[in-house]
Amino acid sequence: MTQDLPARMLRLLSLLQTRRTWSGTELAERLGVTLRTIRRDIDRLRDLGYPVEGTTGQAGGYRLAAGADLPPLLLDDEEAVAIAVALRTAASGVAGIEERAVRALAKLEQVLPVRLRHQVAAIQATTAPLPLPWSTGPTADPSTLATLAAACRDHELVAFTYETSSGEIGQRRVEPHALVAADPVWYLVAYDTEREQWRLFRVDRLTEPAPTGRRVTPRKLPARDAAVYVAERLAAAPARYTFHACVPADADTVRARTYSLPGRVRPLDDHTSTIDLAANNPRRIAEQLLAIDLGSEDTIHGTPELAPYLEQLGQRLLRAARALTRHDENGAEDR
């Protein structure tokens, strides 16, 4: 379809794709033509099947609406390169995203100019992905994410089947608020209408999402935003092992070194903070403690059953230290 458009109309279509609404005057100034020419070009785009809507009044203008078919998307050079690189390094956490990204990339690279194809190839040839152990885990179904995202956008009640961490399966009916990606797990933040409370739902445990067709007035989330809400809920979740201590470092430094959720680290002053660690796997807490210096022993308390695991890790580190010391001493004698 785009090959039938003159250059000016291609520029017009590109502008309509970059912003929600344009006034006729703004478009005429951008393209250096009259309002009459803009109206004629808009009519031509409509004849070709592009769903361009027009409104009148002080806030009126033109916008490219959603249509039954996906229209050609116009990209500038930088946008095309950015999308191609992103497709080559498709995000994790979504089931099947790699295969879909490859299909989309094949279509894009087929029409990329040679100069841009070389740029994409150069970026790809000089970069390498590093799969990290904490970036792997349960994946969410893309069609489920799409359904939930649309329900969040439209403030539409949605029903689904959900399996809890204990294995219980049941039906839920919620007012969806937002999706939050907490690498690698996706969460749905929603108000459960039956339990009458805000809840977190892991998308990988959620199946058969079905919009109900009923739209509701959005409720006020009990947090600054959805990401903060998820962080607070995860930080407050019960765990088998806990550890508390006063740390001689500022809160930002402790959070960065231990990869802790914001609610787990609290400042006491500019140079001291408290940390509350919790996990079902004691190894996780042990690894976090290696990244920080602990203060006075009388500030430390937590789950007594955690002690043997910390002692075991300490013994391993001591053996490694002794081995290095012996190796250095032997080397000095040889010299």
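Start with the whole chain in view and think about its contacts: of those with a separation of 6 or more, residues 24 or more positions apart account for 58%. Keep in mind as you go that this is a predicted model. Colour by secondary structure next, and you can pick out 11 helices and 11 strands in the protein chain. If you switch to colouring by accessibility, buried residues make up 32% of the 335 residues.

**Stop 1: helices H1 and H2**

Select residues 7–18, which form helix H1, together with residues 24–31, which form helix H2. The two pack at an angle of about 130°, and their axes are 11 Å apart. That angle makes H1 oblique to H2. Look along the pair and you can check the hand of the crossing, which is right-handed.

Now show side chains. On the H1 side, the contact is made by Arg8, Arg11, Leu12, Leu15 and Leu16. H2 brings Leu27, Arg30 and Leu31. Sorted by class, this contact has five nonpolar residues, three charged ones and no polar ones.

**Stop 2: helices H1 and H3**

Keep H1 selected and add residues 35–47, helix H3. Here the packing angle is about 80°, with the axes 11 Å apart. H1 and H3 are therefore roughly perpendicular to each other, since angles of 65 to 115 degrees fall in that class.

Which residues of H1 and H3 make the contact? From H1 come Arg8, Met9, Leu12 and Leu16. From H3 come Thr37, Asp41, Ile42, Arg44 and Leu45. The contact of H1 with H3 divides into five nonpolar residues, one polar and three charged.

As you have both lists to hand, try highlighting Arg8, Leu12 and Leu16: they appear in the contact with H2 and again in the contact with H3.

**Stop 3: a salt bridge between two strands**

Time to look at charges. Side chains of opposite charge can pair when their charged atoms come close. The structure holds 12 salt bridges, and the next few stops visit some of them.

Select Arg63 and Glu53, whose side chains meet in a salt bridge with an N to O distance of 2.7 Å. Arg63 lies in strand E2 (residues 61–64) and Glu53 in strand E1 (residues 52–55), so the bridge ties together parts that are 10 residues apart in sequence. Switch on the surface to see how much of each is covered. Arg63 is partly exposed, with a relative accessible area of 24%, and Glu53 is also partly exposed, at 34%.

**Stop 4: a salt bridge within helix H9**

Move on to helix H9, residues 251–258. Pick Asp252 and Arg255, which form a salt bridge with their closest N and O atoms 2.7 Å apart. How many residues apart are Asp252 and Arg255 in helix H9? They are three residues apart, a separation of about one helical turn. Asp252 is exposed, with a relative accessible area of 52%, while Arg255 is partly exposed at 23%.

Stay with the salt bridges and select Arg153, Asp154 and Arg215: bridges that share partners join these residues into one network.

**Stop 5: Arg153, Asp154 and what follows**

Zoom in on one part of that network. The side chains of Asp154 and Arg153 meet at 2.9 Å, N to O. Is each of these residues buried or exposed? Asp154 counts as buried, at 18% relative accessibility, whereas Arg153 counts as exposed, at 59%.

Now step along to His155, found in the loop between helix H7 (142–154) and strand E3 (156–163). Check its backbone: phi of His155 is near 55°, a positive value in a residue other than glycine. His155 is partly exposed, with a relative accessible area of 34%.

**Stop 6: Glu208 in strand E7**

Another backbone to inspect is that of Glu208, which has a positive phi of about 55° although it is not a glycine. You will find Glu208 in strand E7, residues 206–215. Glu208 is exposed, and its relative accessible area is 62%.

**Stop 7: Ala307 and Ala286**

Finish at helix H11, residues 307–334, where Ala307 lies. Ala307 is partly exposed, with a relative accessible area of 44%. Draw a distance between the C-alpha atoms of Ala307 and Ala286: they are separated by 9.8 Å, and the two residues are 21 residues apart along the chain.

Terms used. Residues numbered from 1 in each chain as written. Predicted model: local features only at pLDDT ≥ 70, side-chain atom pairs only at ≥ 80, totals over all residues. Heavy atoms only, no water. Axes fitted to C-alpha atoms, helices over the stretch in contact; angles between N-to-C directions. Helix = DSSP H or I, 4+ residues; strand = E, 2+ residues; numbered from the N terminus. Parallel < 35°, antiparallel > 145°, perpendicular 65-115°, else oblique. Left-handed = near helix turned anticlockwise from the far one by under 90°. Contact = heavy atoms within 4.5 Å. Nonpolar A, V, L, I, M, F, W, Y, C, P; charged D, E, K, R; others polar. Salt bridge = Lys/Arg side-chain N within 4 Å of Asp/Glu carboxyl O. Buried < 20%, exposed > 50% of the residue type's maximum accessible area, 1.4 Å probe, protein only.
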